[in-house]
Amino acid sequence: NDERPVLIYTTFPSLEDAKRVGEALVAARLAACVNAFPGMISIFEWKGARETADEVAMIIKTRAGLKEQVMAETKKLHPYEVPALLVLPTEGGSAEYCAWIVSETNG
């Protein structure tokens, strides 16, 4: 169902980057809402080296029918070479809230 809400998880190097991309997604009606969580520490391997980085996690609230478009736009605006982009399906939820997500992403 293309109208089913989905969450897209990503991370950013700064709150400013997260806000810039989040604002663009909401303005384009690709996302009903984004939540940015500063203060995350990531530990990972990148190009053969162990890295530790302060990051901002973001959850993008959209609908299934827009997930590919949201990921493409996020990649285009993202400062990382390979941004984390994971689509998290939802199950259940408040009917009113789910309807709000759909209404906010119908341009």
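Let's start with strand β1: six of its eight residues are buried, so this strand is largely enclosed by the rest of the structure. Buried here means under 20% relative accessible area. Keep in mind as you look around that this is a predicted model.

What does β1 pair with? Strand β1, residues 5-12, pairs with β3 in the antiparallel sense over eight bridges. You can find one of these links by looking for Pro5, whose bridge partner in β3 is Arg63. Strand β1 is also joined to β4 by four bridges, and these two strands run antiparallel as well. Here Ile8 is a good landmark, with Val87 as its bridge partner in β4.

Now step back to the sheet. Its four strands form an open sheet in the order β2-β3-β1-β4, with antiparallel pairing. Which strands lie at the edges? They are β2 and β4 (residues 86-89), each of which pairs on one side only. On average, neighbouring strands of this sheet are turned by 30 degrees against each other, direction ignored. As you trace a strand, it helps to know that side chains in a regular strand alternate between the two faces of the sheet.

Two helices can be placed against these strands. Helix α1, residues 15-27, packs on the sheet and touches β1, β2 and β3. The direction of α1 makes about 130 degrees with that of β2. Helix α3, residues 95-104, lies across β1, β2 and β3 as well, and runs at about 95 degrees to β3.

Next, follow β2 into β3. These two strands pair in the antiparallel sense over 12 bridges, and one pair to look for is Ile43 with its partner Thr52 in β3. Together β2 and β3 form a hairpin, with two residues between them. Lys47 sits in that turn and has a positive phi of about 55 degrees. Why is this worth a second look? Most residues other than glycine have a negative phi. Is Lys47 buried or exposed? Its relative accessible area is 63%, and exposed means over 50%, so Lys47 is exposed.

A little further along, Arg50 is found in strand β3. Arg50 counts as exposed, at 63% relative accessibility. Which residues does Arg50 touch, not counting those up to four places away in sequence? They are Ile43, Phe44 and Glu45. To get a feel for distance, compare Arg50 with Leu15: they are 35 residues apart in sequence and 23 Å apart in space, from C-alpha to C-alpha.

The loops have their own landmarks. Arg29 is found in the loop between α1 and β2. Arg29 has a positive phi of about 60 degrees although it is not a glycine. At 30% relative accessibility, Arg29 counts as partly exposed. In another loop, between β4 and α3, you will find Gly93. Gly93 is exposed, with a relative accessible area of 65%. Along the chain, Gly93 and Pro5 are 88 residues apart, while their C-alpha atoms are separated by 9.2 Å.

Finally, let's look for empty space. Rolling a probe the size of a water molecule over the atoms shows where such space is left. The largest pocket has a volume of about 200 Å³. Which residues line the largest pocket? The lining is made of Thr11, Phe44, Glu45, Trp46, Ala53, Glu55, Tyr80, Glu81, Val82 and Ala84. By class, six of the lining residues are nonpolar, one is polar and three are charged.

The hairpin strands appear here again. Both β2 (33-46) and β3 (49-63) supply at least two residues each to the lining of the largest pocket. Of the elements that contribute, β2 gives the most, with three residues. Phe44 and Glu45, which are among the lining residues, are also among the residues that Arg50 touches. So your tour can end on β2, an edge strand of the sheet that pairs with β3 and gives the most to the lining of the largest pocket.

Note on methods:
Residues numbered from 1 in each chain as written. Predicted model: local features only at pLDDT ≥ 70, side-chain atom pairs only at ≥ 80, totals over all residues. Heavy atoms only, no water. 1 Å grid on protein atoms, 1.4 Å probe; cavity = no way out; pocket = protein on both sides within 12 Å on 5 of 7 lines; lining within 4 Å. Points joined across faces, edges and corners; volume = space filled by probe spheres on them. Nonpolar A, V, L, I, M, F, W, Y, C, P; charged D, E, K, R; others polar. Pairing = 2+ DSSP bridges. Axes fitted to C-alpha atoms, helices over the stretch in contact; angles between N-to-C directions. Contact = heavy atoms within 4.5 Å. Buried < 20%, exposed > 50% of the residue type's maximum accessible area, 1.4 Å probe, protein only.
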